[in-house]
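Reader: I would like to learn how to read the contact between two chains in a model, going from the whole interface down to single pairs of side chains. Could we work through one case together?

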Amino acid sequence: MGAKRKKGKADPSAACEGGGFEMTSMIDVTFLLIIFFMCVTELADQSKAKVELPVAEKAEEDTHIPGRVIINITEKGERMIMGQEYDDAGLSRLMQLEREASVKPGDQFPSRAILIRVDKNTEYEDVEHVMQLCMENKLWRIAFATKDPNAPEKRR
Amino acid sequence: MAAGKSKFEDEPASSFTSMIDIVFLLLIFFILQPFKAKEMKLVNELPKDQGPASTPDTRETVRIRIVPATIGEKAKERANFMVNSTMLGENYERLAQEVRNAAKGDSEVPVALAPHPAVHFVHVLRALDQCHIARMTKVSFEAPPPRTAVKK
C-alpha cells in the first residue's frame with residue numbers, strides 16, 4: 001500500500017524523516033477500520049432476529065434507545081428476544097421489568113414504546129397474543145417495526 | 001532547474017497504488033451501504049382502562065374488518081378489507097378515503113381495527129398505515145376474547 005518513490009524525486013515526508021507518516025496509508029487503514037466496525041456491529045446485533053418486515057408509508061424513523069425491549073415474532077409465531085425464545089411467563093416477567101424501567105416516578109404511563117418486530121407473514125393471532133400481554137402488564141405504547149419504503153429490495 | 005535533471009524529476013510524486021486503494025475502499029463502502037437496512041416504526045397506543053371517571057366517547061366508532069380471502073390462488077396470503085358495512089375487497093389503497101368518509105372528516109372519531117386471527121400481519125399493518133394516512137388519531141385494536149389456554 002505504501003507509495004513507491006523514484007530516486008531523486010522530492011519526498012513529501014522528507015522534512016520529518018524517521019517520524020513522518022504517509023497520509024494515504026493512514027486514510028486507507030481508517031476506512032478499512034470503519035468498514036470493519038460497521039459490518040461487525042450490524043452482524044452482532046442480536047436484538048433483531050431475521051424477520052421480513054412489512055412496509056408502511058407513514059412510519060417514522062426508529063432511533064436506537066439503549067435498554068429498550070425488542071420483541072421479535074417470527075413467521076411461525078415464536079417470540080424471540082436477544083436470540084432466545086420466550087414463553088408467556090418469561091415474556092410477562094420481562095415486560096414487568098420494562099415497565100419498572102420505563103415509567104418515571106410520578107408518571108402513570110411508560111415513557112418509551114416497546115418495539116415489536118413482526119414478520120409480514122405471521123398470523124395476527126400470534127401478534128394479538130403479545131399485544132394482550134403488553135396490556136396486562138400496562139405497557140400501552142407499542143411500535144411495530146417496518147421496512148424503509150425507499151430501501152432497495154434484497155435479492156434472494 | 002538544475003542542469004542534467006529531467007523535467008519529470010521535479011514533479012511531486014503521485015502514488016497510483018494508494019489512490020486506487022482509497023478509490024476501491026470508497027467503492028466497497030458505498031456498495032455495502034444499502035445493505036445496512038434502515039428500520040422504521042409505526043407507533044400505536046393500546047386501549048387503556050380509563051376508570052369510571054372518564055367520559056365515554058359517544059361518537060360512532062369506525063370499524064375496519066380484515067378477513068382472509070377464501071377463494072383464488074394463494075388465498076391465505078390475501079385479505080379483504082371492510083369499513084363498517086362497505087366491502088372494499090383487496091383494495092387497501094381505498095381504505096384511507098373510506099375511513100375519512102365514514103368519520104365524516106372528523107379525525108377524532110375512534111377507529112377500531114378488527115383483524116381475523118388467521119390474517120397475515122402485513123394486512124393489519126397496511127390497515128394501520130392507511131389510518132395514519134387518513135390522519136385518524138384514535139386508532140385502536142378491538143379487544144380479543146378472554147384468554148384461556150397458556151401458550152408455550
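Author: What follows goes from the interface to the sheet, and then to the salt bridges.

Author: Please keep in mind throughout that this is a predicted model.

Reader: Where should I begin with chain B itself, and how many helices and strands does chain B have?

Author: A list of elements is a good start, and for chain B it comes to 3 helices and 6 strands, which follow one another from the N terminus as α-β-β-β-β-α-β-α-β. Of the 152 residues in chain B, 34% are buried, and among the contacts in chain B with a separation of 6 or more, 61% are between residues 24 or more positions apart.

Reader: How many residues of each chain take part in the interface?

Author: One can count residues or area, and here both are available: 49 residues of chain B are in contact with 65 residues of chain A, and the two chains bury about 5600 Å² between them, with 63% of that area on carbon and sulfur atoms. The polar side of the account holds 14 residue pairs in polar contact between chain B and chain A, with both residues at pLDDT 80 or more. On the side of chain B that touches chain A, at least two residues each come from α1 (16–32), β1 (39–45) and α3 (121–133) of chain B, and the residues of that side divide into 29 nonpolar, 7 polar and 13 charged.

Reader: Which strands form the open sheet, and in what order?

Author: A sheet is read strand by strand, with the chain noted for each, and in this case 7 strands form an open sheet in the order β1(A)-β1(B)-β6(A)-β5(A)-β2(A)-β3(A)-β4(A), with mixed pairing. At its edges are β1 (60–61) and β4 (84–85) of chain A, each of which pairs on one side only.

Reader: How many bridges join β1(B) to β6 of chain A, and how many join it to β1(A)?

Author: Strand β6 of chain A, residues 141–147, runs antiparallel to β1(B) and is joined to it by 7 bridges; one of the positions to look at is A:F144, whose bridge partner in β1(B) is B:L42. Strand β1(A) is also antiparallel to β1(B), with 2 bridges between them, and there A:E61 stands opposite B:M40.

Reader: How many salt bridges cross the interface, and how many does the structure hold over all chains?

Author: The rule finds 3 across the interface of chain B and chain A, while the structure holds 10 over all chains. In one of them, the side chains of B:E39 and A:K48 meet at 3.9 Å, N to O, a pair that crosses from strand β1 of chain B to the loop between α1 (23–43) and β1 of chain A. B:E39 and A:K48 also belong to a network of salt bridges that includes A:R117.

Reader: Why is B:E39 classed as buried, and why is A:K48 classed as partly exposed?

Author: The class follows from the relative accessible area, so B:E39 at 14% counts as buried because it falls under 20%, whereas A:K48 at 31% counts as partly exposed because it lies between 20% and 50%.

Reader: What does the salt bridge of B:K41 with A:D62 look like?

Author: The side chains of B:K41 and A:D62 meet at 3.7 Å, N to O. For B:K41 the relative accessible area is 11%, which is buried, and A:D62 is buried at 14%. A:D62 also forms a salt bridge with A:R68, at 3.0 Å, N to O, and both A:D62 and A:R68 are buried.

Conventions:
Residues are numbered from 1 along each chain as its sequence is written. Chains are lettered from A and ligands numbered from 1 in the order in which they are written. This is a predicted model: local features need pLDDT of at least 70, side-chain atom pairs count only at pLDDT 80 or more; totals for chains, interfaces and linings use all residues. Side-chain values use heavy atoms; hydrogens and water are left out. Contact means heavy atoms within 4.5 Å. Buried area is the accessible area (1.4 Å probe) that two parts lose on being put together, summed over both. A salt bridge is a side-chain nitrogen of Lys or Arg within 4 Å of a carboxyl oxygen of Asp or Glu. A polar contact is a pair of N or O atoms within 3.5 Å; within protein, one must be able to donate a hydrogen and the other to accept it, and residues adjacent in sequence count only if both atoms are side-chain atoms. Helices (H or I, at least four residues) and strands (E, at least two) are DSSP runs, numbered from the N terminus. Ala, Val, Leu, Ile, Met, Phe, Trp, Tyr, Cys and Pro count as nonpolar, Asp, Glu, Lys and Arg as charged, and the others, Gly among them, as polar. Two strands pair if DSSP finds at least two bridges between them. Buried means under 20% relative accessible area, exposed over 50%, partly exposed in between (1.4 Å probe, protein chains only).
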